[in-house]
Amino acid sequence: MTVEWQIGLRGEELAVRHLEGLGFRILDRNWRAGRYELDIVAEKEGVLHVVEVKTRRAGGLTRPEEAITPAKFRALERAASLYIERYGLDMEVQFDLVAVDCFPNGDQVRYLPDAMLPCW
């Protein structure tokens, strides 16, 4: 297991705990459909939250928030469409980001609601 993969797993675990603490119900983690993946799918107050998790080590060149590219978001939109279709869901959808910075003396987790606005 590579260091980057371990950091990614750590970030996703921290993100899940953080979201649960905010009252989210986690529906899926690392959901896949072909080449598409959703890090976290959650529900809160009747809204489906598609949550991308970005984790960076302290001292990295970019912040986690800077890692969402237009191409990445298009893939998230497609994956969310497949998820909604597969489970026959009819609810509002929101695209969120959980940014995790890993520091030697503790981690920082930030929930950014509506971080990406869909074009569907």
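# A tour from two buried rings to the largest pocket

Start by selecting Trp31 and Tyr83, both of which are buried. The model on screen is a predicted one.

**Stop 1: the aromatic pairs**

Show the side chains of the aromatic residues. Four aromatic pairs are present in the structure. Begin with Phe24 and Tyr111: the ring centres are 5.5 Å apart and the planes stand at 70 degrees, so this pair is edge-to-face. Phe24 sits in the loop between α1 and β1, and Tyr111 sits in strand β5, so the pair ties together parts 87 residues apart in sequence. Is Phe24 buried or exposed? Its relative accessibility is 7%, and buried means under 20%, so Phe24 counts as buried.

Now return to Trp31 and Tyr83. Their rings also form an edge-to-face pair, at 4.9 Å centre to centre with 80 degrees between the planes. Trp31 belongs to strand β1 and Tyr83 to helix α2 (residues 70-87), so this is a link between distant parts of the chain, 52 residues apart. Add Tyr87 to the selection: ring pairs join Trp31, Tyr83 and Tyr87 into a cluster.

**Stop 2: Tyr87 and Asp28**

Keep Tyr87 selected. Tyr87 is in helix α2, and with a relative accessible area of 42% it is partly exposed. Which residues does Tyr87 touch, not counting those up to four places away in sequence? They are Asp28 and Trp31.

Move to Asp28, which is in strand β1. Asp28 has a relative accessible area of 21% and is partly exposed; the cut-off for buried is under 20%. Beyond residues up to four places away in sequence, Asp28 touches Asp39, Ile40, Val41, Tyr83 and Tyr87. For a distance check, pick the C-alpha atoms of Asp28 and Glu43: these residues are 15 apart in sequence and 9.9 Å apart in space.

**Stop 3: positive phi values**

Most residues other than glycine have a negative phi. Two residues to select here are Asn30 and Asp114. Asn30, in strand β1, has a positive phi near 50 degrees and is not a glycine. With a relative accessible area of 32%, Asn30 is partly exposed. Asp114, in strand β5, likewise is not a glycine and has a positive phi of about 50 degrees. Asp114 is partly exposed, at a relative accessible area of 43%. For a glycine, select Gly23, just after α1, where phi is positive at about 95 degrees.

**Stop 4: helix α1**

Step back from Gly23 to α1, residues 3-21. What span should the 19 residues of α1 have at 1.5 Å a residue? The expected value is 27 Å, and the end C-alpha atoms are 27 Å apart, which agrees.

Colour the buried residues of this helix: Ile7, Gly11, Glu12, Leu14, Ala15, Val16 and Leu19. An α-helix has 3.6 residues a turn, so residues three or four places apart point the same way. Then show what covers the buried residues of α1, which includes β1 (25-33), β2, β3, β4 (92-103) and β5 (106-116).

**Stop 5: the largest pocket**

Turn on the surface. The largest pocket holds about 180 Å³ of space. Its lining is made of 13 residues, and the closest to the pocket centre are Glu12, Asp39, Val53, Lys54 and Thr55. Two of these have appeared earlier: Glu12 is among the buried residues of α1, and Asp39 is one of the residues that Asp28 touches.

Which elements supply at least two residues each to the lining? They are α1, β2 (36-44) and β3 (47-57). The most comes from β3, with five residues. By type, the lining has three nonpolar, two polar and eight charged residues.

**Last stop: Thr55**

Finish on Thr55, in strand β3. At 13% relative accessibility, Thr55 counts as buried, because the cut-off is under 20%. Show its surroundings, leaving aside neighbours within four places in sequence: Thr55 is in contact with Ile7, Gly8, Gly11, Glu12, Val100 and Cys102. Of these, Ile7, Gly11 and Glu12 are among the buried residues of α1 already coloured.

Key:
Residues numbered from 1 in each chain as written. Heavy atoms only, no water. 1 Å grid on protein atoms, 1.4 Å probe; cavity = no way out; pocket = protein on both sides within 12 Å on 5 of 7 lines; lining within 4 Å. Points joined across faces, edges and corners; volume = space filled by probe spheres on them. Helix = DSSP H or I, 4+ residues; strand = E, 2+ residues; numbered from the N terminus. Nonpolar A, V, L, I, M, F, W, Y, C, P; charged D, E, K, R; others polar. Buried < 20%, exposed > 50% of the residue type's maximum accessible area, 1.4 Å probe, protein only. Contact = heavy atoms within 4.5 Å. Expected span 1.5 Å × (residues − 1). Phe/Tyr/Trp six-rings, centres within 6.5 Å; stacked < 30°, edge-to-face > 60°.
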